[in-house]
Amino acid sequence: MTNTEEHQTAVPTSARVIYRAALARDAADQAEVFYHAVMQGAATHYTLSERRAWAQALPREGSAWAVRQALYTTLVATCDGRCIGFLELDLSTGRVETLYVWPSLAGRGIGTTLLVHAERMLLEEGKGRVEIEASLVLYERLLRRGWESHGEQWVERSGERLQRYRLSKSLSAVET
């Protein structure tokens with residue numbers, strides 16, 4: 001079974017999703033999650049040529065994602081030991097760099113839970129605000145979660161212009 005085929009199986013209802021800091025062994029899965037989230041998960045929001053350009057912006061190689069783990073605080077959601085979603089966070093700037101979830105698992109709260117963990121980490125670092133540049137895929141979901149839009153942006157990837165939005169959210173400690 002290939003790496004991709006293993007990921008295409010849905011998370012069984014009895015399976016437990018575990019959230020933790022990324023490990024080097026997660027890097028290859030991160031590459032696959034990114035690629036499929038863009039190529040399949042963004043299909044209703046971006047054209048095929050836009051998605052191809054976006055997917056080419058970051059390598060589909062585990063070693064490249066392992067390097068990114070050294071640059072950003074990376075949180076992963078795993079099921080049966082495989083990464084099914086991840087978030088890269090720049091703690092010093094209070095910025096979410098990336099947030100991707102395996103497309104067939106989108107809408108199940110995995111991305112939201114990763115964001116909650118990131119927000120908690122930022123609060124622990126003394127940050128009062130979090131920022132993100134979100135794709136059209138995430139934009140409406142983030143607005144529903146209390147994020148504030150600061151307008152659209154256009155970014156160029158391999159000759160294609162992709163629309164995204166700058167958003168931010170004030171952070172406040174909540175007793176649990």
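User: Which residues of helix H4 are buried?

Analyst: In this predicted model, the buried residues of H4, which spans residues 62–71, are Ala64, Trp65, Arg68 and Gln69. They cover an arc of only 155 degrees around the axis, so they sit on the same side of H4.

User: What covers the buried residues of H4?

Analyst: The cover includes helix H2 (27–41) along with strands S2 (73–79), S3 (82–90) and S4 (95–101). On the face turned away from the buried side you will find the exposed residues Ser63, Val67 and Ala70.

User: Why does Trp65 count as buried?

Analyst: Its relative accessibility is 0%, and buried means under 20%. Trp65 falls under that cut-off, so the word applies.

User: What makes the pair of Trp65 and Phe86 edge-to-face?

Analyst: Two values decide this one. The ring centres are 5.3 Å apart, and rings pair if their centres lie within 6.5 Å. The planes stand at 75 degrees, and over 60 counts as edge-to-face, so that is the label the pair gets. The pair links distant parts of the chain, with Trp65 in helix H4 and Phe86 in strand S3, 21 residues apart. Phe86 is buried too, at a relative accessible area of 0%.

User: Why is the pair of Phe86 and Tyr100 called tilted?

Analyst: Here the centres are 5.8 Å apart and the planes make 40 degrees. Stacked needs under 30 degrees and edge-to-face needs over 60, so an angle of 40 degrees leaves tilted as the name. This pair also joins distant parts of the chain: Phe86 is in strand S3 and Tyr100 in strand S4, 14 residues apart. Both residues are buried.

User: Which residues form one aromatic cluster?

Analyst: The cluster is made of Phe34, Tyr46, Trp54, Trp65, Phe86 and Tyr100. The structure holds 7 aromatic pairs.

User: How do you know that the side chains of Arg20 and Asp26 meet in a salt bridge?

Analyst: The N to O distance is 2.7 Å. A salt bridge calls for a side-chain nitrogen of Lys or Arg within 4 Å of a carboxyl oxygen of Asp or Glu, so Arg20 and Asp26 qualify. Their surroundings make a nice contrast: Asp26 is buried, with a relative accessible area of 1%, whereas Arg20, at 22%, is partly exposed.

User: What makes Glu148 and Arg129 a salt bridge?

Analyst: Their closest N and O atoms are 3.6 Å apart. That is within 4 Å, so the pair meets the criterion. Glu148 lies in strand S6 (residues 148–157) and Arg129 in strand S5 (residues 129–135), so the bridge ties together parts that are 19 residues apart in sequence. Glu148 has 42% relative accessibility and Arg129 has 32%. Partly exposed covers values between 20% and 50%, so both residues fit there.

User: Which residues are linked in a network of salt bridges?

Analyst: Arg95, Glu97, Glu133 and Arg164 are. Within the network, Arg95 and Glu97 have their closest N and O atoms 2.7 Å apart. A search of the whole structure finds 11 salt bridges.

User: Why is one side of S1 left without a neighbour in the sheet?

Analyst: The sheet is open and has 7 strands, in the order S1-S2-S3-S4-S5-S7-S6, with mixed pairing. S1 (17–21) and S6 stand at the edges with a single partner strand each, so one side of each has no neighbour in the sheet. Averaged over the sheet and ignoring direction, neighbouring strands are turned by 25 degrees against each other.

User: How many bridges join S3 to S4?

Analyst: There are 6 bridges, and the two strands run antiparallel. Two strands pair if at least two bridges are found between them, so S3 and S4 pass. Leu89 stands opposite Val96 in S4.

User: What makes the phi of Asp80 worth a look?

Analyst: The phi of Asp80 is near 55 degrees, a positive value in a residue other than glycine. Most residues other than glycine have a negative phi. Asp80 is found in the loop between S2 and S3. With a relative accessible area of 68%, Asp80 is over 50% and so counts as exposed. Ser158, in the loop between S6 and S7, also has a positive phi, near 50 degrees. Ser158 is exposed at 53%.

Terms used. Residues are numbered from 1 along each chain as its sequence is written. This is a predicted model: local features need pLDDT of at least 70, side-chain atom pairs count only at pLDDT 80 or more; totals for chains, interfaces and linings use all residues. Side-chain values use heavy atoms; hydrogens and water are left out. Buried means under 20% relative accessible area, exposed over 50%, partly exposed in between (1.4 Å probe, protein chains only). Helices (H or I, at least four residues) and strands (E, at least two) are DSSP runs, numbered from the N terminus. The arc is that of the directions from the helix axis to the C-beta atoms. Contact means heavy atoms within 4.5 Å. Axes are lines fitted to C-alpha atoms, for helices over the stretch in contact, and angles run from 0 to 180 degrees between N-to-C directions. Rings of Phe, Tyr and Trp (its six-membered ring) pair if their centres lie within 6.5 Å; planes under 30 degrees apart count as stacked, over 60 as edge-to-face and the rest as tilted.
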